[in-house]
Amino acid sequence: MYPLPPLPYAEDALRPVINVETMRTHHGKHHARYVRTTNELLGEQSELRPLEDVIGTASEADDRKLFNNAAQAWNHAFFWQSMTPVAAPLAGALREAITRDYGTLGSLRDLFVAEGAAQFGSGWVWLVASKGKVEVVSSHDADQPWRGVAMPLLVCDVWEHAYYLDYKNERDRFLRAWFDNLANWSFAAQQYAAALGGGVGYRYPLPTRSAHATARAGR
Ligand code: FE2
């Protein structure tokens, strides 16, 4: 059984950029449902198999229902890590790469906001690293356009459930507030270091054995 990763901060910690009701619904209802559905679809097959493997094989097999739920479980876990209530300044190799490729963080912010605001329908806007270069990409629904070709550094959820209670239809205002106040540059720097060093970066928490399997193993 895949766990629902707990929020890495209190549900009121991101106020006023994201308010408690949004956090509670987003994590406790939306994210929880993706995790629950993934577990239901896999049954005992979920045991001890990293979620990243499930996403990869579901994509190859074009099993859209499993892919959508497993990837949404992953994307949301990564999204919570992409935010911090305590500002972590951009530093080190990632800062050098952004300065080299975009001049200023403000220029990258404008591109990120424009990409996220232009995403038609539901999706995500990502900051990724590919061959040391930092890029902004967006994706529809649960898709992970960087998988196999780049390392994700940060992501912002642009499904309406992420911002509608706080910002109504003003997705661009949400994106600006998100980038300026919540973006977790410390986490992004860790991901970037993993990309440069050939590491795997963030991994979803491993599944635990279901009560049924534990009882069966103990027979
Ligand atoms: Fe979401």
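This text leads the reader through the helices, the sheet and several single residues of the structure, in the order in which they occur along the chain wherever possible. The model is a predicted one, and every value below is computed from it.

The path begins before the helices. Pro16 belongs to the segment that precedes α1. The peptide bond joining Arg15 to Pro16 is cis, with omega at about 0 degrees.

Beyond this segment comes helix α1, which covers residues 20-42. Its relation to helix α3, residues 64-81, deserves a careful look: the axes of α1 and α3 come within 8 Å and cross at roughly 140 degrees. How are the two helices placed with respect to each other? An angle over 145 degrees would count as roughly antiparallel, and one of 65 to 115 degrees as roughly perpendicular. The angle of roughly 140 degrees belongs to neither class, and α1 and α3 are therefore oblique to each other. Their crossing is left-handed.

The contact between these two helices can be followed residue by residue. On the side of α1, the participants are Met23, His26, His27, His31, Tyr34, Val35, Thr37, Thr38, Leu41 and Leu42. On the side of α3, they meet Lys65, Leu66, Asn69, Ala70, Gln72, Ala73, His76, Ala77, Phe79 and Trp80. Sorted by class, the contact of α1 with α3 consists of eleven nonpolar, eight polar and one charged residues.

Helix α2, residues 51-60, comes next in this account. Which residues of α2 are buried? They are Leu51, Glu52, Val54, Ile55, Gly56 and Ala58. These buried residues pack against both α1 and α3.

After α2 the chain reaches Asp62, which is placed in the loop between α2 and α3. The phi angle of Asp62 is near 55 degrees, a positive value in a residue other than glycine. Is Asp62 buried or exposed? Asp62 has a relative accessible area of 54%. Exposed means over 50%, so Asp62 is exposed.

The account now turns to the strands. Strand β1, residues 123-130, is mostly covered, with eight of its eight residues buried. In a regular strand, side chains alternate between the two faces of the sheet. In β1, one side carries Gly123, Val125, Leu127 and Ala129, while the other carries Trp124, Trp126, Val128 and Ser130. Both faces are covered, for the residues on each side are all buried.

What are the partners of β1? Strand β2, residues 133-140, pairs with β1 in the antiparallel sense over eight bridges. Within this pairing, Trp124 has Ser139 in β2 as its bridge partner. β1 and β2 form a hairpin with two residues between them, and Lys131 in the turn has a positive phi of about 55 degrees. Strand β3, residues 151-157, also runs antiparallel to β1 and is joined to it by six bridges. In β3, Val155 stands opposite Trp126, and Met151 stands opposite Ala129.

Taken together, the strands make an open sheet of three, in the order β2-β1-β3, with antiparallel pairing. β2 and β3 stand at the edges, and each has a single partner strand, so one side of each is left without a neighbour in the sheet. From one strand to the next, the twist averages 25 degrees.

Farther along the chain, Lys168 is found in the loop between α6 (164-167) and α7 (171-181). Phi of Lys168 is near 50 degrees, again a positive value in a residue other than glycine. Lys168 is partly exposed, and its relative accessible area is 44%.

Helix α8, residues 185-197, lies across β1, β2 and β3 and runs at about 150 degrees to β3. Ala189 is found in α8. Ala189 is partly exposed, with a relative accessible area of 28%. How far is Ala189 from His27? The two residues are 162 residues apart along the chain, and their C-alpha atoms are separated by 25 Å. His27 has already appeared in this account, as one of the α1 residues that meet α3.

Conventions
Residues are numbered from 1 along each chain as its sequence is written. This is a predicted model: local features need pLDDT of at least 70, side-chain atom pairs count only at pLDDT 80 or more; totals for chains, interfaces and linings use all residues. Side-chain values use heavy atoms; hydrogens and water are left out. Axes are lines fitted to C-alpha atoms, for helices over the stretch in contact, and angles run from 0 to 180 degrees between N-to-C directions. Helices (H or I, at least four residues) and strands (E, at least two) are DSSP runs, numbered from the N terminus. Angles under 35 degrees count as roughly parallel, over 145 as roughly antiparallel, 65 to 115 as roughly perpendicular and the rest as oblique. A crossing is left-handed if the near helix is turned anticlockwise from the far one by less than a right angle, and right-handed if clockwise. Contact means heavy atoms within 4.5 Å. Ala, Val, Leu, Ile, Met, Phe, Trp, Tyr, Cys and Pro count as nonpolar, Asp, Glu, Lys and Arg as charged, and the others, Gly among them, as polar. Buried means under 20% relative accessible area, exposed over 50%, partly exposed in between (1.4 Å probe, protein chains only). Two strands pair if DSSP finds at least two bridges between them.
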